[in-house]
Amino acid sequence: MIIIMEPEASETQIQNVINHIHDLGIKTVVNRGVVQTVIAAIGETAKYSTEHFETLDGVRKVERIQVPFKLASRDSHHDDTVVVINNNVKFGGDNAPVIIAGPCSVENEETLLAIAKVAKECGAKMLRGGAFKPRTGPRTFEGLGKLGLEFLDIARKETGLAVVTEVMDARDLDLVCEFTDMLQVGARNMQNFTLLNEVGGVNKPVLLKRGLSATIDEWLLAAERIMDKGNSQIIMCERGIRTFDNKYTRNTADIAAIPVVKHLSHLPVIFDPSHAAGKWNLVTPLAKAAVVAGANGLIIEIHPEPEKALSDGPQTLNFDNFKKLCKDLNKLTSVSLHTKK
Ligand code: PEP
Ligand code: MN
């Protein structure tokens, strides 16, 4: 960490800052320039915020050199992490982008099975479906709960597809773990620190969605928290963020976040064009853009009759459009546009 003093800082103020840093057990290297003094703090600075030092008298600015998400950072783990689900689905590294598809909510066994079969036919490797749904309004469909998990289990056995579903509450963690191959932490829970701590303690891969208004640092710090508790099987999922403009899209698809996170971190990054777009006709172009930008996978909402879906119908692809997208994606990935770091 670098502490830049004000040009007019007195010798006493400079010495006080140095003493304060030493009292924390951190070493210093002091560079007295013609105009300003710069103090490099060397040691366990990650525990302290930049504001901690900025409040000291005579300090102009404090800058971190190292990122605060050490475990998630590429600095600590140079090679790409490959997250493997059930010994056969591989996210990250040089593996081709993995397609995850399914309904926003698990609605009933028959529809889920129909969806799972189409997903499999089209080359998807995982089935997604929400049994516990985070809904903005209280009187909307909030998922089938345990019954939904049981339907997912049936679909998994019928098709062999691995399953991912959201866990909203730490109290449901054991139950959800029993029925799923990967846990989804949704955008609204990206900073539910209790839940992050708990998923950090289980041996299940985690799909970590970016919060609605989360910065990339905050998102990586959420991953860091899970890793800090012992679980390093994390897949980052960009799903669009809130910006000033939501007239034509539900969220703003931050495609740049894909190469940015892949540069900062060794963790795989996938993209959710459905929530980013909010409209089914934008899903295909965004999915393609994400793959070209280096996404290690896509998570896409599909339904036989999107207009009748119990949640997120407007952003859901019907079977024909999903099939067409998968064909196009095959063409894209076969020319190997996949970019590293
Ligand atoms: C979902 O996957 O259906 C969902 C609610 O996503 P997000 O948390 O990204 O809004
Ligand atoms: Mn949804």
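In this predicted model, helix H3 meets helix H11 through Ala-114, Ile-115, Val-118, Ala-119 and Glu-121 on the H3 side and Phe-319, Phe-322 and Lys-323 on the H11 side. By class, this contact has six nonpolar residues, no polar ones and two charged ones. H3 spans residues 109-121 and H11 spans residues 319-334; their axes come within 10 Å and cross at roughly 20°. Angles under 35 degrees count as roughly parallel, so H3 is roughly parallel to H11. The crossing of these two helices is right-handed.

Now to another helix pair. Helix H7 (residues 216-228) and helix H8 (residues 257-264) have axes that come within 11 Å and cross at roughly 50°, which makes H7 oblique to H8. H7 passes H8 in a right-handed crossing. Here Ile-216, Trp-219 and Leu-220 of H7 touch Ala-257, Val-260, Val-261 and Leu-264 of H8. The residues of this contact divide into seven nonpolar, no polar and no charged.

Let us turn to the ligand. The residues that surround ligand 1 are Cys-104, Arg-128, Lys-133, Pro-134, Gln-184, Gly-186, Ala-187, Arg-188, Lys-209, Arg-239, His-275 and Glu-301. Among them, Lys-209 places a polar side-chain atom 2.9 Å from an oxygen atom of the ligand. The table sets this beside the distances for Arg-239 and His-275.

| Side chain (N or O atom) | Partner | Distance |
|---|---|---|
| Lys-209 | oxygen atom of ligand 1 | 2.9 Å |
| Arg-239 | oxygen atom of ligand 1 | 2.7 Å |
| His-275 | oxygen atom of ligand 1 | 3.1 Å |

Note on methods. Residues are numbered from 1 along each chain as its sequence is written. Chains are lettered from A and ligands numbered from 1 in the order in which they are written. This is a predicted model: local features need pLDDT of at least 70, side-chain atom pairs count only at pLDDT 80 or more; totals for chains, interfaces and linings use all residues. Side-chain values use heavy atoms; hydrogens and water are left out. Axes are lines fitted to C-alpha atoms, for helices over the stretch in contact, and angles run from 0 to 180 degrees between N-to-C directions. Helices (H or I, at least four residues) and strands (E, at least two) are DSSP runs, numbered from the N terminus. Angles under 35 degrees count as roughly parallel, over 145 as roughly antiparallel, 65 to 115 as roughly perpendicular and the rest as oblique. A crossing is left-handed if the near helix is turned anticlockwise from the far one by less than a right angle, and right-handed if clockwise. Contact means heavy atoms within 4.5 Å. Ala, Val, Leu, Ile, Met, Phe, Trp, Tyr, Cys and Pro count as nonpolar, Asp, Glu, Lys and Arg as charged, and the others, Gly among them, as polar. A residue is near a molecule or strand if one of its heavy atoms lies within 4 Å of it. A polar contact is a pair of N or O atoms within 3.5 Å; within protein, one must be able to donate a hydrogen and the other to accept it, and residues adjacent in sequence count only if both atoms are side-chain atoms.
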